[in-house]
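Dear colleague,

I am passing on the structure below, together with some notes on how its elements are arranged. Please read the notes with the coordinates open.

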Amino acid sequence: MDTTQLLKGVLDVAVLAVLRTEDGYGYDIVRRLRDAGLGDVGDASVYGTLRRLYAAGSLSSYVVPSDGGPHRKYYAINPQGRAALDSQTVTWLDFAGAMSTLLTLPTTDTPTIGENR
């Protein structure tokens, strides 16, 4: 199954979840998502998601100077983002539970459409 479409639907909640425990800058967030098992996540998708979540008021940001290169823009989840994460977590767990139920239903001997008996 191509996970690209699945990622588009859950990237907001995945980014919020990553930032729940520790602030991060763009590439750090991409790395943490990949380390968590979302290997197909694209850099551009994450950066776009960070900008969208920031514009929506779910994230705050701050700049940290760097001795070895350009300053880094860090993102932090704020109270609005935590509320969104809590809500989206409930939605995800309900959805994942329903899908798990569907995918583990016992099979029957009922013929499929077009199958001859």
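In this predicted model, helix 1 (residues 4-21) and helix 4 (residues 79-103) have axes that come within 10 Å and cross at roughly 125°. That angle makes helix 1 oblique to helix 4, and the crossing in which helix 1 passes helix 4 is left-handed. On the side of helix 1 the residues that meet helix 4 are Val10, Asp12, Val13, Leu16, Ala17 and Arg20, and their counterparts in helix 4 are Gly81, Arg82, Ala84, Leu85, Gln88 and Trp92. Sorted by class, this contact of helix 1 with helix 4 holds 7 nonpolar, 2 polar and 3 charged residues.

Helix 1 also meets helix 3, and here the two axes again come within 10 Å, with a crossing angle of roughly 80°. Helix 1 is therefore roughly perpendicular to helix 3. The residues that helix 1 brings to this contact are Leu11, Asp12, Val15, Leu16 and Leu19, while helix 3 brings Ser45, Val46, Thr49, Leu50, Arg52 and Leu53. In terms of class, the contact of helix 1 with helix 3 is made up of 7 nonpolar, 2 polar and 2 charged residues. Asp12 and Leu16 of helix 1 are thus listed both in the contact with helix 4 and in the contact with helix 3.

A further helix pair is formed by helix 2 (residues 26-35) and helix 3 (residues 43-55), whose axes come within 10 Å and cross at roughly 115°. Helix 2 passes helix 3 in a crossing that is right-handed. From helix 2, Gly26, Tyr27, Ile29, Val30, Leu33 and Arg34 take part, and they meet Asp43, Val46, Tyr47 and Leu50 of helix 3. The contact of helix 2 with helix 3 counts 7 nonpolar, 1 polar and 2 charged residues. Val46 and Leu50 of helix 3 accordingly appear in the contact with helix 2 as well as in the contact with helix 1.

Turning to the sheet, 3 strands make up an open sheet in the order 1-3-2, with antiparallel pairing. Its edges are strand 1 (24-25) and strand 2 (59-64), each of which pairs on one side only. Strand 2 is joined to strand 3 (residues 72-77) over 6 bridges in the antiparallel sense; in that pairing Tyr62 stands opposite Tyr74 of strand 3, and Ser60 has Ala76 of strand 3 as its bridge partner. Strand 1 and strand 3, which also run antiparallel, are joined by 2 bridges, and Gly24 has Tyr75 of strand 3 as its bridge partner.

As for how helices and sheet come together, helix 1 lies across strand 1, strand 2 and strand 3, and runs at about 95° to strand 3. Helix 3 packs on the sheet as well, where it touches strand 2 and strand 3, and its direction makes about 115° with that of strand 2.

Taken as a whole, the protein chain has 4 helices and 3 strands, which follow the pattern α-β-α-α-β-β-α along the sequence. The radius of gyration of the chain is 19 Å, well over the 13 Å that the globule rule gives for 117 residues, so the chain is more spread out than a compact globule. Along its principal axes, the C-alpha trace spans about 75 × 30 × 20 Å.

With best regards

Notes
Residues are numbered from 1 along each chain as its sequence is written. This is a predicted model: local features need pLDDT of at least 70, side-chain atom pairs count only at pLDDT 80 or more; totals for chains, interfaces and linings use all residues. Side-chain values use heavy atoms; hydrogens and water are left out. Axes are lines fitted to C-alpha atoms, for helices over the stretch in contact, and angles run from 0 to 180 degrees between N-to-C directions. Angles under 35 degrees count as roughly parallel, over 145 as roughly antiparallel, 65 to 115 as roughly perpendicular and the rest as oblique. A crossing is left-handed if the near helix is turned anticlockwise from the far one by less than a right angle, and right-handed if clockwise. Contact means heavy atoms within 4.5 Å. Ala, Val, Leu, Ile, Met, Phe, Trp, Tyr, Cys and Pro count as nonpolar, Asp, Glu, Lys and Arg as charged, and the others, Gly among them, as polar. Two strands pair if DSSP finds at least two bridges between them. The radius of gyration is taken over C-alpha atoms; the globule rule is 2.2 Å times the number of residues to the power 0.38.
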